[in-house]
Amino acid sequence: MVTLEQAGSTNDVAYARAEAGEPMPLAVRALEQSAGRGRRGRGWVSPRGGVWLSVAGTWPGVVVPGAVALRSALAVWVAVAAELGADAAGRLRIKWPNDLLLDGKKIAGVLCERRVTGDGSVVAVIGVGVNADIENGELPTDVRTPATSLRSVLGRGVDADAIAGRLVSGLYGVLERSDSPMEQGEVRAVVDRLAYLDEPVRFERVGGGVVEGVLAGLSPDGRAAVRVGDSLEWVVAGDVDRAAAGSAGDSADRAR
Ligand code: BTN
């Protein structure tokens with residue numbers, strides 16, 4: 001893993017290094033980012049003390065993007081849970097597809113991207129941000145999901161280097177398996193850690209459209225199952241939140 005004092009976005013640096021011919025998989029970490037990027041065009045505030053890193057690998061011909069997203073989330077869960085310890089790890093949940101919530105607040109996020117290089121090959125980049133050894137006061141407040149940090153929750157300093165090391169080995173494993181759907185054991189591992197399971201939720205689909213119902217589970221290719229009345233809807237890509245009280249999600253819940 002290369003560690004830089006500063007970068008715009010480690011996703012961009014990882015991609016540039018891959019395109020320049022560095023052997024893959026490769027990992028790039030920055031101690032701070034000036035132009036960190038989040039999912040769906042959002043920004044990502046990245047002060048010193050957080051873990052901001054990206055891995056890049058060759059994108060195989062057949063890819064299951066939803067499985068890559070959820071496996072990445074599981075790798076982040078494992079890396080962060082080790083710092084939290086067994087008691088607090090139960091409070092760490094995966095918010096579909098790959099946010100990590102601690103006590104309902106966002107503590108980490110994942111940005112999976114793929115780009116075509118000049119020679120026509122495709123590079124996969126998985127970028128992870130963990131609000132590790134920083135204070136809550138350094139995090140933005142104008143965000144859709146309130147954020148928190150490990151340092152604030154634990155009330156002590158955090159070993160950001162150890163988290164980074166665990167993340168890289170977990171994410172290399174994700175890159176290796178990017179052409180296969182999740183096995184049943186992996187689906188179960190994510191579902192066991194899933195935020196809002198069996199609760200009324202509201203999905204905003206990428207490309208438009210809203211699905212409200214009860215979060216019922218996941219498929220091996222990473223889709224979210226939503227029970228709407230008596231039927232099951234599947235969401236491939238989007239954002240999920242708890243449904244507001246009195247919404248259609250509540251009535252779907254009552255209908256179960
Ligand atoms: C999200 O939750 O919206 C995804 C956040 C991903 C942030 C990480 S920090 C390291 C890497 N570089 C970036 O510019 N973004 C990802």
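Trp-44 is a good place to begin a tour of the aromatic side chains in this predicted model: with a relative accessible area of 18%, Trp-44 is buried, because anything under 20% falls in that class. Trp-52 is buried as well, at a relative accessibility of 1%.

The count of aromatic pairs comes to 2. One of them joins the two tryptophans just introduced: the ring centres of Trp-44 and Trp-52 lie 6.5 Å apart and the planes meet at 80°, so this pair is edge-to-face, since an angle over 60 degrees is what that label requires.

Trp-96 and Phe-203 also form an aromatic pair, with 5.3 Å from centre to centre and 70° between the planes, and this arrangement is edge-to-face. Where do the partners sit along the chain? Trp-96 belongs to the loop between strand 4 (92-95) and strand 5 (99-102), whereas Phe-203 is part of strand 8 (residues 200-205), so the contact ties together parts that are 107 residues apart in sequence. Are these partners buried or exposed? Trp-96 counts as buried, with 2% relative accessibility, and Phe-203 is buried too, at 0%.

Aromatic rings in the model also meet charged side chains. Arg-115 lies over the face of Tyr-15, at a distance of 4.7 Å from the ring centre. A further example involves Trp-234: the charged end of Arg-223 is placed over the ring of this tryptophan, 4.8 Å from the ring's centre.

Methods. Residues are numbered from 1 along each chain as its sequence is written. Side-chain values use heavy atoms; hydrogens and water are left out. Rings of Phe, Tyr and Trp (its six-membered ring) pair if their centres lie within 6.5 Å; planes under 30 degrees apart count as stacked, over 60 as edge-to-face and the rest as tilted. Buried means under 20% relative accessible area, exposed over 50%, partly exposed in between (1.4 Å probe, protein chains only). Helices (H or I, at least four residues) and strands (E, at least two) are DSSP runs, numbered from the N terminus. A charge sits over a ring if NZ of Lys or CZ of Arg is within 6 Å of the ring centre and within 35 degrees of the ring normal.
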